[in-house]
Structure formats: structure tokens, C-alpha cells
Amino acid sequence: MRNGLPADEVRGQLLEFVTSLVDAEPDPDEDYFERGLVNSLAALELVTFVEHRFGITVRAEDLDLDNFRTVNRLTGFVLVKTAG
Amino acid sequence: MRPAEFDAAGWDEGGALPAEVRDAVARAGWFGVDLPTEHGGRGGSQAELGELCAEIGAVCSSVRALVTVQGMVSAAIARWGTDEQRSTWLPALAAGEHLAGFAATESGAGTELSAVDTRFERTGGEITVTGEKRWVTFGQEATVFLVLGKLDGRLAAVLVEKGAGVSTDPVRGQLGLRAAMVAHVRFDGVRVPVGNLVASPGFGLSHVIATALDHGRFTVAWGCAGMAAACVADVADHTVRRRQDAVPLAAHQLVRSMLARMAVDATAARELCLSAARARDAGEPGAVAGTVMAKYAAARAAASASQDAVQLLGSAGCASDSRVGRFFRDAKVMQIIEGSDQVSELHIADHLLREHRVGGKA
């Protein structure tokens, strides 16, 4: 898949999707899980979006809240996965 | 085995699906249609799974429910299990060597599953499971349960084999799915290896259980589409043969109007199911919402079509062995399980509004 994606591009796409998902534009470091903004359907949609948009597969071992809880952390996760 | 050969009315009346039927379902490969071949499945598409569920649903919702629950637990393991969990459980589930139970609902946790009281306590290499689950489809016969509970305050999902500390209380005479061998299941300090934890604590509901429910919604949708189509066929068949005032019932314009509405609803439901299948096969982000929409539409189509079918068949529709009468009872259950109509409407509206926000249309 698209190795070497610019971080800003990834962050921008994730921010747009998460904003639509939680009906509010979160700060890139805001924990939308902790705020209870993401229900189970939205969580699944977020995973599907990340996989589909960036061509990666989210595995069980990736399921760490630290990877998903904020836009910036999710950006880092995507960058690592796409670089791999 | 072919669905057309099912004794669905007899199983419904008896309140059980015979063991030989469950074995035949396994032998037919219906448990692993969409599972990867390396895990004992057929590696089929979502559309293939859907068409099978429609064919089964057109005859017996309880058999369709058997395929559904086995698929729900298998899908959760396939998606979020470890390599060891996948290689241990998936071939056994696909072959029917294990029958799965989906144990999430509790007396105080239905739509709001995050309210579950079931406790997981970790001690060394084991997890102790304590709680009581309600309305577990095929819970009377299940040999392994996917259980939702809380571990250190976080929602988690654990696989629990039937054994010491697991007891079942059969549910009988419920409105629909009477042959689905539903049970309330109690876990009384059951100890399982920590390796039975599916995904990390904190992701049990949002990912593991949600994946199972998403899969369940999809197969329920297709089963309902099949049920609605069967109602249309039964009504068409009845109304061209049954005569009133020397003319067939089908000659009456009011009857034709009802039949037309039923056919449109059934066809629209099927098209939404096909759309969801395509989105799922393509891994599209909209597949989750598309599946909710398909399930919502198909359950409503089945409920509406079966209600009209009973009306048009008259006394025949009210008989104890009436197929459309059974569909009428089963379809109402479909409007409740795997997300009630009302909850589905909220999700569908959320998704619609989200697209407009992103597209700047609202």
C-alpha cells in the first residue's frame, strides 16, 4: 500500500472521519473513547475505515486503546502499519 | 439436506431442533460458508452466505438462527482471535464439533450491553467467570459460549466451554424461534485459561461482540428477506386458487394491492441485503451501516408480509401448522433481536447525517 504517507494527510483524513463519527471536531489529542463518544457500531466503522482507506489490516494484537484513543495516536498507528 | 425438506412446523411445535438436523447442517457445510478455507470453512462470499440464509429463512427461522449464532461466534474469533484461537476453534465450529452460544444479554443489559454485570477475575493464568446470561439462542445445546463481561472494570469477551459451573435454564413457549432451544445460562465461578480471552480488555464489546452482532444482523436480514419472499409466494399461490363469489381471491383489487405491496417490500429488502453483501465483500466502511439498514428493512418486510399473509389466508393462516402463522410470530422477534427497529433507526439516521456533514451538504 501507500508507503510513506505524509502524516498531515493521514491525520487530516482521520480527523475528518472521526469528526463525522462523533458529531464534533475533537482535538487531535482528545480521547474520544474516554468521553464516551464512540459506540460499538462506530468503533467497528472506525476500524473498517482505517483498513479500507489506508490498505492495512487491524489485527487482534493491534487492539490497544493507546492505538485508537485519539486522532494523533491513530495517525501514528496508521503510519507504522503503512510503513511496514 | 435441503431446506424444502425441513419439518419446520413439527420442530416449532416440539420446541426443539433434533440433533440429527444440527448434525446435517454441519455436514452440509452451512456453519463455515464465509470462513477461510484454512480454518475449515468454504471461503465463500457474503452474498453466498446471504443466499443460503434466505433459502433457510424461507422455511425455518430456527435453523437459520442456528447458522446465525454459529457464524456470529466464528466471525468474532476469525476477526479478533489470536492465531491459536483461530486454529483451535474455527475448524471445530465449522465442522459442528462445537455448537456456539452467544452470551451477552442479561436481565439488566439488553440494548445497552455495556451495563453487563458478569464478572471476569484474573488469577494467575486463569479467568474466573461469574454471571447470568439471558436469551441465549441454542443455549440449551451450546458447548462453547462467547461471554461478555467485565475484567478490571473493562468490557471483555471470553470463550467458555460448557462444563462444571455452567448451568442452563431452557426457555419454552416464547413468541417465535420456538425450535431455537433458547436458554438462560448461568456461569458460576467457571475457570478458563487466560488464553480464552478474545482481544484485549476494553475491546470486548466495541470490537468482539460488535463484530458478532454485525454478522448476526447480516444473516438475520437475509433470513427475513427469504421469509418475506415466501409469504409473497404463499399468498400468490393461495389467492389464485381460493375462490370467493365464483372468482379467485386474486381477482379482487384490494387483494392485488396487498400482494403488490408485499412483493415490493420483499424485493426492496432483498436488494438492500445484496447491497450490504457487496459492501461487506469490498470491506467498505459503509458496510456496517448498510447491514443495519438491510436488517431493519428485511425484518419490517417479513413482519408486514407475514401479517398480510395471515390476513389473506384467513383461517388457514391461523391454523396451528400454518407456515405464515409461524412466520408472523418469528418475524416479530426479528424486529427486536440484533438491534430493535428503533435502535436501528437511530443508527441509520446517524450514518445519513454523518455523510452530509462530511460532504458539507448540511
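Start by colouring chain B of this predicted model by domain: residues 3-94 are domain 1, 100-201 are domain 2, and 205-359 are domain 3.

Next, select domains 2 and 3 of chain B. Their centres, taken over C-alpha atoms, are 29 Å apart. Where they meet, 14 residues of domain 2 are in contact with 11 residues of domain 3. The two domains bury about 1,100 Å² between them, and 83% of that is on carbon and sulfur atoms. Now show F102(B), L175(B) and L177(B) as sticks: these supply 41% of the area that domain 2 buries against domain 3, more than any other three residues.

Stay at this boundary and look for polar links. There are 0 salt bridges between the two domains, and 2 residue pairs in polar contact. On the domain 2 side, the strands β4 (144-151) and β5 (154-161) of chain B each give two or more residues. That side has 10 nonpolar, 3 polar and 1 charged residues.

Then bring chain A into view. The contact between the chains takes 27 residues from chain B and 21 from chain A. Together they bury about 2,300 Å², 63% of it on carbon and sulfur atoms. Select F203(B), P285(B) and R354(B), which lose the most area to chain A within chain B, together 26% of what that side buries.

Which residue forms a salt bridge with D83(B)? Zoom in on R59(A): its closest N and O atoms to D83(B) are 3.1 Å apart. This is one of 3 salt bridges between the chains.

Finish on helix α6 (204-241) of chain B. α6(B) gives 7 residues to the side that touches chain A, the most of any element.

Technical notes
Residues numbered from 1 in each chain as written. Chains lettered and ligands numbered in written order. Predicted model: local features only at pLDDT ≥ 70, side-chain atom pairs only at ≥ 80, totals over all residues. Heavy atoms only, no water. Domains from an automatic or database assignment. Contact = heavy atoms within 4.5 Å. Buried area = accessible area lost by both parts, 1.4 Å probe. Salt bridge = Lys/Arg side-chain N within 4 Å of Asp/Glu carboxyl O. Polar contact = N/O pair within 3.5 Å; in protein donor to acceptor, adjacent residues only side chain to side chain. Helix = DSSP H or I, 4+ residues; strand = E, 2+ residues; numbered from the N terminus. Nonpolar A, V, L, I, M, F, W, Y, C, P; charged D, E, K, R; others polar.
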